[in-house]
Amino acid sequence: MPNDSSVTRFTGATHYVLDDELAQIVNISMALEMPLLLKGEPGTGKTMLAHAIAESLNMRLIVLNVKSSMKLVEALYQYDTLTRLNDSRFGDSTRDVSNIEEYIKMGKIGQSFVSDERVVLLIDEIDKADTDFQDDMLDVLDQMEFDIIEIDKTIKAKNRPVIIITSNAKKDLSDPFLGRCNFHHIAFPEPDMMRQIVRVHFSNIDKDLLDNAVSTFYRLRDLRGLEKKPATRELINWIRALRSDPDFKVKDLVKGDTPYLGVLFKKSPDYVVAQNSVARFRR
Amino acid sequence: MFVDFFYILKQIGIPVSPTSFLRLQKALSMGIINSIDDFYMAARSILVKSERYFDLYDQAFAHYFEGAELKEPDEMIISDMARALLEEWLKSPKELAEALGVDESELSKMTPEELMQYFKDRLKEQTEAHHGGSKWIGTGGTSPVGHSGYHPGGMRVGGISRNKSAVKVAMDRRYRDYSQEGPLTQSQIGEALKRLRNMVPVGPKDQVNVDETIYRTMKNAGEIEIVFDRSLKDRLKIILAIDNGGWSMEPYIAIVQTLFHYARAQFKDLKILFFHNTIYDTLWEDPQRWHRPLLVNDLVRFDPETRFIILGDASMSPYELMATDGSIHIEERSGRPSYERLQFIAGTFPHAIWLNPKLENEWPYTRTISMIREIFPMFELTLDGLEAAVTHMMSKN
C-alpha cells in the first residue's frame, strides 16, 4: 500500500542498466500510484524495465500481452462455459456446477488484483489494441475494481499493483488515456550507456571487442534508408555470435569486415543496404 | 507553486492539463521531489505526455529556471529562408507573388538587396504572429523549412550556469529530434490502416457459439449439443490505383513504395492498378502500363463494397483532366474526359478515396487538385491523413 512504495525504492536490477532519470520516474509513479507509460524505439528496454522493477522490488511480475483482437473482459476474467456445460452433463468433476464462481478464471489484470501480495503488472504493447480497450482498461485501473457480471460480484484490488504500460507506436494514445498515466520516452542509449549495457550481459568481454563492436553497431545504425534499425537486442545477439565464432578476430572489425550481418538486420531490404555499405567501409 | 511555469508550458504550445498540474502538486507535497533534478523529471513525466514536446519542455524549463531566452528564430535562419525565397522568386515570380499575396509588379521594381530585406521583414512578421510556423510559403514544396515545428538552430548556451544540472540538461535540448515528423514507415502505415478491415467468417469451424449451443441444447431437452462456428477473418476487398508515371510523382516514390509493400503484405484481397497522371479509359495491372490493361468500364464487375483507393499527386494541367482528348497517350481517345471517368469510378465505388502525397497546405495551389477533390474525398499521405481516410472509408457501413 502507499507506505511501502516509499519504503521500497527502485534502484536497478542485475540485468538492467538504469539511468537515474528513469529510476526517478519509476519512483514518482509508484508514489503517486499512477500507471507509467513507456514509449520508445523497439529494443530500448521497455519490457525489460518491468522485469527489472519486479526483480529489484522482489515482486511477482504479471504480463498482459495485448493483442489487437483482445477484449477488455478477457484481461479481467473468463467464464468457462464449456467446462460447466460438460460438468453438468457428465457430473464427474469435483466442481459444484450450480456455483458459477467455480467456473470464473481470472485474466491477467484480475490476477494482479486478487493476488495477496503487491505485484508488478506489465501491460505490453498497449498500442495494438483499439482506443476503446485502452480507455476502458484505464477506468478499471483507476477504480482498482471491476464487476463480474455473471455472478454479480465486484473484484477489488487487494493491493494496488505497480503498473507499467509500454507502447511502440509513434502515434499518440488518446488524451484521456495519457491524462491518467505518467509518461516517459526511453531514448536510444548513447554509446557509453550501450557499453555498460553490453558489459552487464557479458561481464568478461574483451575491451577491444566491446569498443569496436559498439562503434560498428552505431555506424550501421546510422545508415540511411533503413526500415528497422538494429536495437540493443540485436547488438547483444551479434556480440554473442562474434564471440562464439572461433575464427573471428577483433582486427577484422577494425578492417571493416562485418560478419553475421543477418543477426543485426532482419529485413531483407535493410540487409542489402547494410551489405552494400559494409563493402564500402572495407575499401 | 510553479503556476507560472505551468502557464509558460501552456503558452509555448504543450498541451498540459490542470489535473496533471494538481498531480504534480501532490507529488511535491509528498516530499518525493527534493531537488531541481527531481522536479525536472517529475514535472516532465507528469505534465508532458509525448516525446514530441520534450524539446519545448526543455526550452521552457531552461527559460523558467535559468532565464535562458525563449528564442526568436535568429538572423541566420531568417536570411537563409529569405535567400531561398529569392531563388524561388527568380524561378517563378508570379507564383511567389501570389503566394505572398502581393503584387508582382511591385516586387519587380526592387533591387535584389531590397528584395532580400523585404523577404526578411516579411518572415520576421510571420514568425512573430505564428510562433515560427514557417510553412506559410506554399510554393510547391521547395521551401527550405520543411516542417511545422518551432525550430531554430539551438538554444543559446550562454546563460550563467548556477550548477543546476537539470537546467544544463534542459539546455542541451536532447529531445530536439523527436519533435520533427519522421518519415512514414511500414509499421506506422500498418498502425494507421489497422482499422481498415471487414470481418467475415472463414476457415474451420472451431469456435463454440455459446448462445446457439444453449438454444439447441434446450431444444434437445437437455441433451447437450455443442455448436461450432467459423472464426472471423478479415476479408476486405481493396483496389489500390497508383499513379506511377511522370516526374511529378518522383519525389514520393519512397513513401508510395512503403504503402504498397504494406498493402501487399496485409490485405488478402488486394488488386493493384496503375495509371499515369489521371485515369482515362484504361487502368493497368502491370507497372509498365502496357501488357495487362483493364478497361475502366469493366470496373462495374467488381463488388461495389470494394474500397477503391487512388494514390496520386493529382497535379497536372487542367486540360489533361477536362479535355476530351486529354490523355498524353495517343491511343486513349474514347472522347470522354478523365473528369467524367473519375466521376464514374466514384459512382461505382461509394467507398472511394484519393490519397495525395502532397501535403494538404499545398493543395490550394494546384487547380486540378481542387477539381478532383470535388469528386473524391482527398486525404494527405501522412499518419493523420491515413487515419482520417480509414475512418472515412469505414464510416459508411
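**Exercise 1. Getting to know chain B**

Task: How many helices and strands does chain B have, and what percentage of its residues count as buried?

Solution: Chain B has 16 helices and 9 strands. Keep in mind as you work that this is a predicted model. Next, look at burial: of the 397 residues in chain B, 47% count as buried. Then turn to the surface, where chain B exposes about 20400 Å², with 53% of it supplied by carbon and sulfur atoms. Finally, consider contacts in chain B with a separation of 6 or more: residues 24 or more positions apart account for 67% of them.

**Exercise 2. Strand 8 of chain B and its neighbours**

Task: Work out which strands pair with strand 8 of chain B, and where its side chains point.

Solution: Start with burial. Strand 8 of chain B is largely enclosed by the rest of the structure, because 5 of its 5 residues are buried; the cut-off for buried is under 20% relative accessible area.

Now follow the side chains. In a regular strand they alternate between the two faces of the sheet. Here, Ala352(B), Trp354(B) and Asn356(B) point one way, while Ile353(B) and Leu355(B) point the other way.

Then find the partners. Strand 7 (residues 307-311) of chain B pairs with strand 8 of chain B in the parallel sense over 4 bridges, and Ile309(B) has Ile353(B) as its bridge partner. Strand 9 (residues 378-380) of chain B also runs parallel to strand 8 of chain B, joined to it by 3 bridges. In that pairing, Trp354(B) stands opposite Met378(B). To get from strand 8 to strand 9 of chain B, the chain passes through helix 15 of chain B, making a right-handed β-α-β crossover.

**Exercise 3. A loop residue**

Task: Where is Tyr365(B) found, and is Tyr365(B) buried, partly exposed or exposed?

Solution: First locate Tyr365(B): the residue sits in the loop between strand 8 (352-356) and helix 15 (367-375) of chain B. Next, classify it: Tyr365(B) has 44% relative accessibility, so it counts as partly exposed. As a last step, compare sequence with space: Tyr365(B) and Ser315(B) are 50 residues apart in sequence, and their C-alpha atoms are 9.7 Å apart.

**Exercise 4. The sheet of chain A**

Task: In what order do the 5 strands of the open sheet in chain A lie, and which are the edge strands?

Solution: The order is 2-5-8-1-9, with parallel pairing. Strand 2 (60-65) and strand 9 (182-186) of chain A each pair on one side only, which makes them the edge strands. From one strand to the next, the twist averages 20°.

Look inside the sheet now: strand 5 (residues 119-124) and strand 8 (residues 162-167) of chain A run parallel and are joined by 4 bridges. Across this pairing, Ile123(A) stands opposite Ile165(A). Helix 2 (residues 20-32) of chain A packs on the sheet, touching strand 1 (36-40), strand 8 and strand 9 of chain A.

**Exercise 5. Helix 3 of chain A**

Task: Check the length of helix 3 of chain A, then list its buried residues and what covers them.

Solution: At 1.5 Å a residue, the 12 residues should span 16 Å; the end C-alpha atoms are 17 Å apart, which agrees. The buried residues are Lys46(A), Leu49(A), Ala50(A), Ala52(A), Ile53(A), Ala54(A) and Leu57(A). Their cover includes helix 2, strand 1, strand 2, strand 5, strand 8 and strand 9 of chain A. For direction, helix 3 of chain A runs at about 170° to strand 5 of chain A. Just after the helix comes Asn58(A), with a positive phi near 60°.

How values were computed:
Residues numbered from 1 in each chain as written. Chains lettered and ligands numbered in written order. Predicted model: local features only at pLDDT ≥ 70, side-chain atom pairs only at ≥ 80, totals over all residues. Heavy atoms only, no water. Helix = DSSP H or I, 4+ residues; strand = E, 2+ residues; numbered from the N terminus. Buried < 20%, exposed > 50% of the residue type's maximum accessible area, 1.4 Å probe, protein only. Contact = heavy atoms within 4.5 Å. Areas by Shrake-Rupley, 256 points an atom, 1.4 Å probe, with all protein chains shown as cover. Pairing = 2+ DSSP bridges. Axes fitted to C-alpha atoms, helices over the stretch in contact; angles between N-to-C directions. Expected span 1.5 Å × (residues − 1). Right-handed = clockwise from strand over helix to strand, strands pointing away.
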